[in-house]
Amino acid sequence: MANIDDSAITFQFSGDVQMPHSRKAESEGREFPYLYYPMLAETGLVKHCFTTRLGGVSKGMFESLNLSFSRGDDRKAVEENFRRVALALGTEYGNFVFTDQTHTTNVRRVGREDAGKGLTRERGYSDVDGLVTNEPGLVLSTFYADCVPLYFLDPKHRAIGLSHSGWRGTAGRMGAKTLSAMRQEFHTSPEDVLCAIGPSICQGCYEISEDVAQEFKKEFSAHASEILLEKGNGSYQLDLWRANEIVLLEEGVKQEHLAVTNLCTCCNAKLLFSHRATQGKRGNLGAFLSLERV
Ligand SMILES: [Zn+2]
């Protein structure tokens, strides 16, 4: 284990300190810590972040930056939390567009007409775990508490994608489905795309049962030993980070265009919401991605 100490915040990383890096935005005199990928930030083409539990107003098990309206938190508190995310990202409250995450591999193209959906107005769609767009200013918004966020940037066609990939999404190759939607909508070629695999549960924290392991053995037959560690008695430890990396590489994403997290939500449950670490008593973290207006 290695630590990165960003003044008040100390995350536990697996292995050497890598990505994502934390950054503190000063807004309204308060600190608002968030995580980001230098590889994406350095392009100057996008705003993005992955939030932590810090910097919000929610109480109790939602303390403090809960971004879920559907887990029992006070609606006004969650709205204030989103207002703070907007401020830290340098965007407006009405620009967020939400997924409707149900562990599918459905990807939806969204545009200006979808601004605010999920936050300021009804979505009008359901069962959407990934979003793609080429509309500048629109903030693609996905939510987490151990599952894997996948960020996509096609600098050539100025298009982005953001997907939620839990074990079901990973077994269903959500990364490939998102790239395919970007190819169809924006003529994206995977070899141009920058991808980041975001903070989520590590292999050491993620025990799965035999039936789940069987799905991965079937889908990733050539790589089963890289992603599954057999513990005996029908239990396994699953490496979702490596599995998603394999999906993206097999689609043609270049290794040098790929940033893979080593930050585990469950190992850092005081700073990040983790479903496993809290037996489900938790709020949601958010991953956000938006094309800059140029
Ligand atoms: Zn862990």
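**Entry 1: strand β17**

I began with the two faces of strand β17, and I found both of them covered: Leu-285, Ala-287, Leu-289 and Leu-291 are buried on one side, and Gly-286, Phe-288 and Ser-290 are buried on the other. I note here that I am reading a predicted model. The split into two sets reminded me that in a regular strand the side chains alternate between the two faces of the sheet. Since 7 of the 7 residues of β17 (residues 285-291) are buried, I wrote the strand down as largely enclosed by the rest of the structure.

I then looked up which strands pair with β17. Strand β5 pairs with β17 in the antiparallel sense, over 5 bridges, and strand β9 (residues 139-144) is joined to β17 by 6 bridges, also running antiparallel. Following Leu-289 of β17, I found that this residue is the bridge partner of His-48, and that Leu-140 stands opposite Leu-289 as well.

**Entry 2: the sheet that holds β12**

In which order do the strands of the open sheet of 6 strands follow one another? I read the order as β7-β8-β11-β10-β12-β16, and the pairing is mixed. The strands at the edges are β7 (107-109) and β16, and each has a single partner strand, so one side of each is left without a neighbour in the sheet. From one strand to the next the twist averages 10°. I also looked for a helix on this sheet and found α4, which packs on it and touches β7, β8 (130-133), β10 and β11 (159-165), with a direction that makes about 155° with that of β11.

Within this sheet I stayed longest with β12. Strand β10 (residues 148-154) is joined to β12 by 4 bridges, and the two run antiparallel, whereas β12 and β16 run parallel and are joined by 3 bridges. For the β10 side I noted two pairs: Leu-150 has Ile-197 as its bridge partner in β12, and Tyr-151 has Ala-196. On the β16 side, Ile-197 has Val-260 as its bridge partner, and I reminded myself that strands of a sheet pair through backbone hydrogen bonds, either parallel or antiparallel. As for the side chains of β12, Leu-194 and Ala-196 point one way while Cys-195 and Ile-197 point the other way, and all of these are buried.

**Entry 3: the zinc ion**

Which residues coordinate the zinc ion? I found the SG atoms of Cys-202, Cys-205, Cys-264 and Cys-267, at 2.2 to 2.3 Å. Along the chain these donors follow the spacing C-x2-C-x58-C-x2-C. Distant parts of the chain are linked in this way, for Cys-202 sits in the loop between β12 (194-197) and β13 (207-209), while Cys-267, 65 residues apart from Cys-202, sits in the loop between β16 (258-260) and α8 (275-278).

Why is the arrangement of the 4 donor atoms called tetrahedral? The angles that they subtend around the zinc ion are 102 to 116°, and this makes the arrangement tetrahedral. For reference I wrote down that the ideal angle for four tetrahedral donors is 109.5 degrees.

I then asked whether Cys-202 is buried or exposed. Cys-202 has 9% relative accessibility, and because the limit for buried is under 20%, Cys-202 counts as buried. Cys-267 has 29% relative accessibility and therefore counts as partly exposed.

**Entry 4: Thr-188**

I turned next to Thr-188, which has its place in the loop between α4 (174-186) and β12. With a relative accessible area of 2%, Thr-188 is buried. Leaving aside neighbours within four places in sequence, I listed its contacts as Asp-154, His-157, Met-182, Arg-183 and Val-193. With Asp-154 there is a polar contact of 2.7 Å between the two side chains, and the backbone oxygen of Met-182 lies 3.3 Å from a polar atom of the Thr-188 side chain.

**Entry 5: Ser-58**

My last look was at Ser-58, in the loop between β5 (46-51) and α2 (75-89). Ser-58 is buried too, with a relative accessible area of 3%. Which side chains make polar contacts with the side chain of Ser-58? I found Asp-73 at 2.6 Å and Asn-81 at 3.0 Å. Not counting residues up to four places away in sequence, Ser-58 touches Glu-63, Ser-64, Asn-66, Asp-73, Ala-77 and Asn-81.

Note on methods
Residues numbered from 1 in each chain as written. Predicted model: local features only at pLDDT ≥ 70, side-chain atom pairs only at ≥ 80, totals over all residues. Heavy atoms only, no water. Donors = N, O, S within 2.8 Å, 3.2 Å for Na, K, Ca; no water. Tetrahedral: all angles 85-135°; square planar, octahedral: opposite > 155°, others 65-115°. Buried < 20%, exposed > 50% of the residue type's maximum accessible area, 1.4 Å probe, protein only. Contact = heavy atoms within 4.5 Å. Polar contact = N/O pair within 3.5 Å; in protein donor to acceptor, adjacent residues only side chain to side chain. Pairing = 2+ DSSP bridges. Axes fitted to C-alpha atoms, helices over the stretch in contact; angles between N-to-C directions.
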